[in-house]
Structure formats: structure tokens, C-alpha cells
Amino acid sequence: MISQGQLRIYVVKNSLTKHKPWFYHPENPERLMYALKGIREEGLEDYLEYISAEGKPSIHKYEELLLKVHCKNYLKYLEEMSKIAPVEIDPDTYIVNDTIELAVESYIYSYTIARTGYRYKAILLRPPGHHAGKCGKAMNTVTQGFCILNNAAAAANSLLDKGYNRIAVLDFDIHHGNGTQEIFYKTDKVLHMDIHRDPSNFYPFTGFPDQIGKGRGRGYSVNLVIGPHTGDDYYEELIDIVEKLLRMYKPQQVIVSMGFDGYMGDGLADTRLSMYMYNKLGLMLHQLSIPITSILEGGYSLGLQYGLPAYIKGLLGTDVEAGETKTPKQIVEEYRRINNKTILKIEEIWGGG
Ligand SMILES: [Zn+2]
């Protein structure tokens, strides 16, 4: 095990109480209880640090930093919505009276923590961010999928502001990070790699393999898709592909949109990933020997309790023992073909390798 000084699990404390739905909704403060329970059960509590901003974070106060990712009209819209809260801004996404201050707090912490000293940082925050595009809904999709401000994009921008020019964003939430893809679609300074459930029949219906970036960004958006009922056996192949691409791209830091909703029985997806796979993801990142900032996206129950601690252990270089879940054979063949095609294309753009 590496020394405690190399890892921190930050918890944005207000996420435990604020932005509470007034009706049943899977994105609620209880989520973090699952995560904290799992962290304690796995003996990782010494890595926890609770953080809380002074005063009330507002859009007005942090406008300059928010404008690095989002457009002015969207920020204005959020302020307006906040005034008439509680309100559902779309069929998935709610805003209550303290939502905006929590979203701003989580965004600002993502921006500042990405550039601090620890090698491995994980930030447990709410609301999630990867579906939030520059001006709200991303890539003409149906909703903002519980997201208000894009925290992973804030973290990547923090590093761009610092002069970095090779940042990778790895999004392993089961849903495509369409907000993040939209924000970095035209740059080669941020490689956005996203493993998600095939969008032809899954929310947010974006993130197809042929979306590979535009202009300078061509070849720097990589969408790896998995079919229904995918288990560990096939998912593992994609982790190997991601590792290969990361080693070729040589990022200065990886920002991870960590979502645990692909975990078997977590609630929102039909995939069958086990703690073993989340551990593998962590181990793969650990082996890159570069700074990793992981930001919470989805995960609604068991994925947070079991998948998240297994991932953190992986970051520390510790493996977990668990059985492997299987994928139906025809699904493996179909998706192997689709993803191999994507990778051939990316490698062709990058000049072979
Ligand atoms: Zn998700």
C-alpha cells in the first residue's frame, strides 16, 4: 500500500444535506451514505477529508470561473430557475432553493482540487456534471440528466489554465458524458474517452462510435460502447484499450468522471459489472504513475457501496478478489467489432502505433 499522503477522498460536506428532491428521485443526498458506508467497510476512512466553502457560493461570486465552461445565458437561466424553485427544469433534473449554491461549490472545488498536490484525488460531490453542456442540454439530447454544472470540465479547464496541453478525461459512468464531449469536441488538448452503454437504445442517446471529434479535436473524442447485459469479461477488454490509448497520448493528468451505475443491480442500467471491474479501472490508472483526479458522476446504490471503494483501492494499487461476471456471447462479438473499428480509426488519425 502506498503512503496516505498520496491519496485524498474529499467529500463536499453540503452534498450530504443540500439539493434534496421533494419527491422520489434517484439523485439525492442518500447516495453519499452508500459511498461512505462502503469506504468505512473497506477501511479507507483515514483518507477522507470533509470540505465546506465559507459563505454562500453564488453564480455572481464565481462567474469568471463558471464562464470558462458555461455560457452566460445559461448561468442567467439557472439564477432565474433558482428564484422559482422548487422546479423541474426537465423531466430528469430538479432545482431546489439550495441547488445552485451546492452546484457552484462542487464546481469550484473540482477546479481547485485538480491542481493540488496529492497524486490521487477523489471528490465526492453532488449534483453530478457530465451531462451539462456549455449552455445546458448537450448535443441536442432530451434532458440534462440530473446535472447542473460540469465539474469534470471545470477540473480539466483548471489544468488548461495552468498551461497543461495534454489532459485526458476518462468517463466510465454507464451513461455517455455528452456535456463533456460537447465542451472538448474541437480540441486536441483534452482527450475525452467515454465507455458507456450503446446509445442507440440508452440514455442520453449520444456518444456513437463515429463521433470522434472535429477540427483540431478530430481523433480526440473516443466513444467505446457496450451492449445490454455486459459483464466483466468484455468490459475488461475495453479497459485494456483505454490503457493503450492513454499510454500513446501520454496525458499530464487524467480527470476521471467516475460513475458506478454500471454496477450490477445499482438501479439504472442492465449491465452486470462487479467490484472487480471498478478495481481494474483503478489499478490501470494507478499503473500510469501520473496524477489522477476522480470526480463523482452517477451511481445510486450498490455501485457506490461496493464499486467505489474497489476503485479507490485500485488507485492505491491494491486488488480485490471477486468473481467475474459474463456477457452473452453474441453481444461480445457484436461490440468487439464496433469498438475495434473505432480504435483502428483513432490510431490511423494518430499515425499508427
Ligand atoms: Zn450515469
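**Aromatic pairs, helix α3 and Asn151**

Ring pairs join Phe172, Phe260, Tyr263, Tyr278, Tyr306 and Tyr311 into a cluster. Before going on, note that this is a predicted model.

The count of aromatic pairs comes to 16. Take one from the cluster, Phe172 with Tyr278. Their ring centres are 5.9 Å apart and the planes stand at 50 degrees, so the pair is tilted. Phe172 is in the loop between β8 (167–171) and α6 (178–183), and Tyr278 is in helix α8 (residues 275–286), so this pair ties together parts that are 106 residues apart in sequence. Phe172 counts as buried, at 2% relative accessibility. Tyr278 counts as buried as well, at 0%.

Another tilted aromatic pair is Tyr220 with Tyr249, at 5.9 Å centre to centre and 55 degrees between the planes. Here too distant parts of the chain are linked: Tyr220 sits in the loop between β9 (190–197) and β10 (221–226), Tyr249 in helix α7 (residues 232–249), and the two are 29 residues apart. Tyr220 has a relative accessible area of 17%, and the cut-off for buried is under 20%, so Tyr220 is buried. Tyr249 is buried at 2% relative accessibility. Tyr249 also has a charged neighbour: Arg166 lies over the face of its ring, at 4.3 Å from the ring centre.

Now to helix α3, residues 72–83. What should its 12 residues span? At 1.5 Å a residue the expected figure is 16 Å, and the end C-alpha atoms are 17 Å apart, which agrees.

Which residues of α3 are buried? They are Tyr74, Leu75, Leu78 and Met81. Down the axis of α3 these buried residues fall within an arc of 120 degrees, so they line one face of the helix. The general background is that an α-helix has 3.6 residues a turn, so residues three or four places apart point the same way. On the face of α3 turned away from the buried side are the exposed residues Asn73 and Lys83. The buried residues of α3 are covered by elements including α2 (63–66), β3 (87–88), β4 (94–95), α4 (99–113) and β7 (136–137).

Last, a single residue, Asn151, in helix α5 (residues 151–161). Is Asn151 buried or exposed? Its relative accessibility is 1%, so Asn151 counts as buried. Setting aside neighbours within four places in sequence, Asn151 is in contact with Ala103, Ser106, Tyr107, Ser110, Leu125, Pro127, Pro128, Gly129 and Ile295.

Notes: Residues are numbered from 1 along each chain as its sequence is written. This is a predicted model: local features need pLDDT of at least 70, side-chain atom pairs count only at pLDDT 80 or more; totals for chains, interfaces and linings use all residues. Side-chain values use heavy atoms; hydrogens and water are left out. Helices (H or I, at least four residues) and strands (E, at least two) are DSSP runs, numbered from the N terminus. The expected span of a helix is 1.5 Å times one less than its number of residues. Buried means under 20% relative accessible area, exposed over 50%, partly exposed in between (1.4 Å probe, protein chains only). The arc is that of the directions from the helix axis to the C-beta atoms. Contact means heavy atoms within 4.5 Å. Rings of Phe, Tyr and Trp (its six-membered ring) pair if their centres lie within 6.5 Å; planes under 30 degrees apart count as stacked, over 60 as edge-to-face and the rest as tilted. A charge sits over a ring if NZ of Lys or CZ of Arg is within 6 Å of the ring centre and within 35 degrees of the ring normal.
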